[in-house]
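Q: Could you take me through the surroundings of ligand 1, one step at a time? I would like to know which residues come nearest to ligand 1.

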Amino acid sequence: MEEKESPVRGSCIFCRIVKGEIPSTIIFEDDILVSFLDIAPAISGHSLIVTKQHFETIAETPDEVIQHIALFAKKLTKAMSFALAAEGFNLLMNNKKVAGQLVPHAHVHVIPRYARDGIDLNWRPRKTLPNMLKECAEKIKRFL
Ligand code: AMP
Ligand code: ZN
């Protein structure tokens, strides 16, 4: 894949990990992605899957890269089942600061889950009505 220079590349922490400029606990690497353990994990085994090329969010990431990441995420959950006896998983991708993205380089969190592990990813459910759901669905559907 062609290397693109981006103004943020030099200072991007995940680009620096990809280039081996700063240490990380890598669990897998190929031409398209690097996967390493999160330095501040929600739980032991919490991993990140990071694109090798710098893209900010899912929107800029090419489809084939997304496909590759999704397939690797599946493989990783299987490995976590065997290696860590994980009983479930959260796959999470924060896109943009407003959604909690602290590192503006596309990445997916893979978090192994266990009964009573105390991890809180919950939001407070809001009340809605069937007509509000329908109206919202119609708006989105127009762009799909
Ligand atoms: P996000 O909020 O989705 O951008 O998450 C960024 C994640 O990257 C956080 O969970 C951080 O703990 C993690 N992180 C930041 N710096 C490093 C690093 N040098 N090595 C491993 N994980 C990191
Ligand atoms: Zn980057």
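A: Let's begin with a working rule: a residue is near a molecule or strand if one of its heavy atoms lies within 4 Å of it. Around ligand 1 there are 16 residues, and those that come nearest are Asp38, Gly100, Leu102, His107 and His109.

A word on the model itself. It is predicted, so local features need pLDDT of at least 70 and side-chain atom pairs count only at pLDDT 80 or more, while totals for chains, interfaces and linings use all residues. Residues are numbered from 1 along each chain as its sequence is written, chains are lettered from A and ligands numbered from 1 in the order in which they are written, and side-chain values use heavy atoms, with hydrogens and water left out.

Now for the polar contacts. A polar contact is a pair of N or O atoms within 3.5 Å; within protein, one must be able to donate a hydrogen and the other to accept it, and residues adjacent in sequence count only if both atoms are side-chain atoms. A backbone N or O atom of Gly100 is 2.7 Å from an oxygen atom of ligand 1. Val103 also takes part through its backbone, with a polar atom 2.9 Å from a ligand oxygen. His109 uses its side chain instead, placing an N or O atom 2.8 Å from an oxygen atom of ligand 1.

How much of the ligand is covered? Taken alone, ligand 1 exposes 500 Å², and the protein buries 85% of that. Such accessible areas come from the Shrake-Rupley method with a 1.4 Å probe; for residues, only the protein chains shown count as cover.

You can also ask which elements build this shell. Helices (H or I, at least four residues) and strands (E, at least two) are DSSP runs, numbered from the N terminus. Helix H1 (13-18), strand S2 (33-37) and strand S5 (107-113) are the elements that give two or more residues to the shell around ligand 1. H1 provides the largest share, three residues.

Sorted by class, the shell has 10 nonpolar, five polar and one charged residues. Here Ala, Val, Leu, Ile, Met, Phe, Trp, Tyr, Cys and Pro count as nonpolar, Asp, Glu, Lys and Arg as charged, and the others, Gly among them, as polar.

One more stop is His54, in the loop between strand S3 (47-51) and helix H2 (63-84). Its side chain reaches the backbone oxygen of Pro104 at 3.5 Å and makes a polar contact with the side chain of His105 (3.3 Å).
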